[in-house]
Amino acid sequence: MSDTTLHELCKGFGALLSRSKVRTIARLSPIRPVVDFLIPFTSHRHTNPQTPQFPEEASLPNDRGNLPLHAAASFQATPDVIDALLKANPAAASSPNSVGNLPLHQAAMWQSPPDSVELLLRHHREGAATRNRYGSLPLHMAASNQADVEVVKLLIDAYPDALHLQNDDGMTPLDLALGDESASEAVLALLEGRPAPPELSRRQQAERFMERADALERKLVGLRGTGGRQGRDFKDAVAAVRRLADCYPQALYSAGIDPNELEIALSNAMVAGVEGSGGRRGGGNAGDAARKQQMAVENAILEAVKKRDRRDTARNKDGMEGDDEREEMGDVRDRVEDLISSIVGLEHIKCQIRGLRRTTEICDLRESLLPDQGAGIRGLSAAMLGVTLSDEAGRPRAPHMIFFGNPGTGKTAVARLLAKVYHELGILRKPKFLEVERMDLIAADQRGTIAKTREVLEEARGGILFIDEAYTLGMTSKRSRAENAGNDAMYEIIRSIDTDEAGRDSPLVILAGFPTEMNLFLARHDELRRRFDVTFEFPDYTCHELAEIFIDLVHAKGFYLEESIRVEYLAKLLEKQTDARWRSERNGRVSEMLLAGARTEVRKRIRLAQFEEHEADPQLILRSDIETAMVNDLK
């Protein structure tokens, strides 16, 4: 079995918590019959009545023997995520995967937060003394993978003898830490049994990072001209980056490299390589020209890596560089993350998208390292790739989804944004977003309905088809003698989803609507419901989130706020001037109404200023504008 939906949710674990809470509420609810009816429509996976509940899902391993708890521990999950999975499956803490790793091994290896490691130890303290198939204890994994000093301390306290025990390669945790030049002094001190040194200042840390970067750079340059295994590995690594840049540029963002900058650098390097060899007509040797061009390409790739290191160092400096240098070394502008971060609230949706992105980038990296699905780039070893990259799981695809929430909760806006995000990740062929409703799918007769629905599906091909108020498809049509004219449209949608397995070009379908109506609609149409694996609930916005949306709208419209206007001030004002029921009927539209009212007050102020012959800034919104708009327009 490959990764289940729950494994994927553990990578984007905000969605996992929502899933866990729904299942837990169902078990504890005094109105169990009602909850049993609603679970299939409020959980994150819609399947048939035999679908496992959350505890059963938490017990399902993938083909590498990893439980969802292993996946969560590998992706730095927070303690509440670990706790939810342990409550669902307490035995998971003591369950090894196919290489003998407990979730504690995975947490130590992938730098999980100390609180998460402490929780795993609390449930299975003996895990600190458990070896995997290679004879490694969790402390070995932590020592060789730059674990937090608190994690190392927790593992030593749980099993002090681990300090002196060797793995199958004859290495103690201290040996492994010394072999890793990035191990901190505090970790080395703990492994040597001596007090930890005073913590370095941020300036000292930056200097240490710079020294380490220089040492690695010298090592890379030294490997360039050498033969043997290390030289080949260097060539393989450079070739992998080049292939990523050519085939999967989006994946480079996760490594801190801007693919657009690298593409320009590679183009310049190709031109420089040709000019440096004297060109074709310059009489230069063809072999020399090729070598010079290859060296120019390698230099461009190494410079991109070095630039990333300088960015990392700059972030750790404490005011040592000026504004110009910070601008030059600023973080790479990641378009996908920028789009995700533009969503206000809805953390469970952001986590799910990020989890899908992680899986996609791992598959892209594997494709770049093993393009022929066989020996790889000149026989790149599986040991160099590691277990994750050696796995032959295919590139993931986004599931069809159901959105439900009250008016103004952002269902349409998020769906439109998903089209851009999934296109950037290469999951969708194009950033197409098509929004339709019942009237766009239903005709007066069966033949017309099928034709209209097929036309809509064809228009949305390769992108996202968003069906708003989808529950209206289940309503009886007065224009048709059929009991439900929407059945034909739903059948065509099901057919499109079922035939998409091979072509992968049918649109990704999102059904949206209000909670009560959508639950009743899906309860009556099980065949449709079973095709939609993921459901997202869009909760009502809080006053704080409405304030954030308002500020975003202000900036988007070219206005700016008086300096004293902050999110906290706006949230308190909304809490005071409006009630929860009124806000739940409008949600994001409250922010739009407030901005419209504030703009009206700005225009009044400008007219008054012209009459009194003094200046007024037409783009500035004052506190008085907002307070007046609150009273006059939010009714």
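**Figure 1. Cys351 is buried, with a relative accessibility of 16%.** Buried stands for under 20% relative accessible area, exposed for over 50%, and partly exposed for the range in between (1.4 Å probe, protein chains only). The model is predicted: local features need pLDDT of at least 70 and side-chain atom pairs pLDDT 80 or more, while totals for chains, interfaces and linings use all residues. Numbering starts from 1 along each chain as its sequence is written, and side-chain values use heavy atoms, without hydrogens and water. Cys543 is also buried, at a relative accessible area of 7%. The whole structure contains zero disulfides, a disulfide being two cysteine sulfur atoms within 2.5 Å.

**Figure 2. Strand S4 (residues 508-513) is largely enclosed by the rest of the structure.** This follows because six of its six residues are buried. Helices (H or I, at least four residues) and strands (E, at least two) are DSSP runs, numbered from the N terminus. Leu508, Ile510 and Ala512 point one way from S4. Val509, Leu511 and Gly513 point the other way. Both sets are buried.

**Figure 3. S4 pairs with strand S1 (residues 401-405) and with strand S3 (residues 464-467).** Strands count as paired when DSSP finds at least two bridges between them. S1 and S4 run in the parallel sense, joined over four bridges. S3 and S4 are likewise parallel, over four bridges. Which residue of S4 is the bridge partner of Ile402? It is Leu511. Ile467 also stands opposite Leu511. Elsewhere in S4, Val509 faces Leu465.

**Figure 4. Strand S3 is covered on both faces.** Ile464 and Phe466 lie on one side and are buried. Leu465 and Ile467 lie on the other side and are buried too. S3 also pairs with strand S2 (residues 433-436), in the parallel sense and over four bridges. Within S3, Phe466 is the bridge partner of Glu435.

**Figure 5. Arg461 sits in the loop between helix H23 (446-459) and S3.** Buried or partly exposed? Arg461 is partly exposed, at a relative accessible area of 28%. Leaving aside residues up to four places away in sequence, Arg461 touches Arg429, Lys430, Asp505, Ser506 and Pro507. Here contact means heavy atoms within 4.5 Å. Phe433 is 28 residues from Arg461 along the chain, with 9.7 Å between their C-alpha atoms.

**Figure 6. Asp498 and Arg531 form a salt bridge, with the closest N and O atoms 2.8 Å apart.** This pair links distant parts of the chain, 33 residues apart. Asp498 belongs to helix H24 (residues 486-498). Arg531 belongs to the loop between helix H27 (526-529) and strand S5 (534-538). A salt bridge puts a side-chain nitrogen of Lys or Arg within 4 Å of a carboxyl oxygen of Asp or Glu. The two ends differ in accessibility class: Asp498 is partly exposed, at 40%, whereas Arg531 is buried, at 18%.

**Figure 7. Arg531 also meets Glu527 in a salt bridge.** The N to O distance is 2.8 Å. Glu527 is partly exposed, with a relative accessible area of 43%. A network of salt bridges links Asp498, Asp526, Glu527, Arg529, Arg530 and Arg531.

**Figure 8. The side chains of Asp63 and Arg64 meet in a salt bridge.** Their N to O distance is 3.1 Å. Asp63 is partly exposed, with 46% relative accessibility. Across the whole structure, the search finds 17 salt bridges.

**Figure 9. The largest cavity holds about 40 Å³ of space.** A cavity is a set of points, on a 1 Å grid over the protein atoms alone, where a 1.4 Å probe fits but cannot get out; lining residues have an atom within 4 Å of a point. Points are joined across faces, edges and corners, and volume is the space filled by probe spheres set on them. How many cavities of 30 Å³ or more does the whole structure have? The search finds two. Ile349, Gln352, Ile353, Pro399, Met401, Leu418, Tyr422, Val534 and Phe536 line the largest cavity. Helix H19 (347-369), helix H21 (411-424) and S5 each give two or more residues to this lining. The most come from H19, which supplies three.

Key: 1 Å grid on protein atoms, 1.4 Å probe; cavity = no way out; pocket = protein on both sides within 12 Å on 5 of 7 lines; lining within 4 Å.
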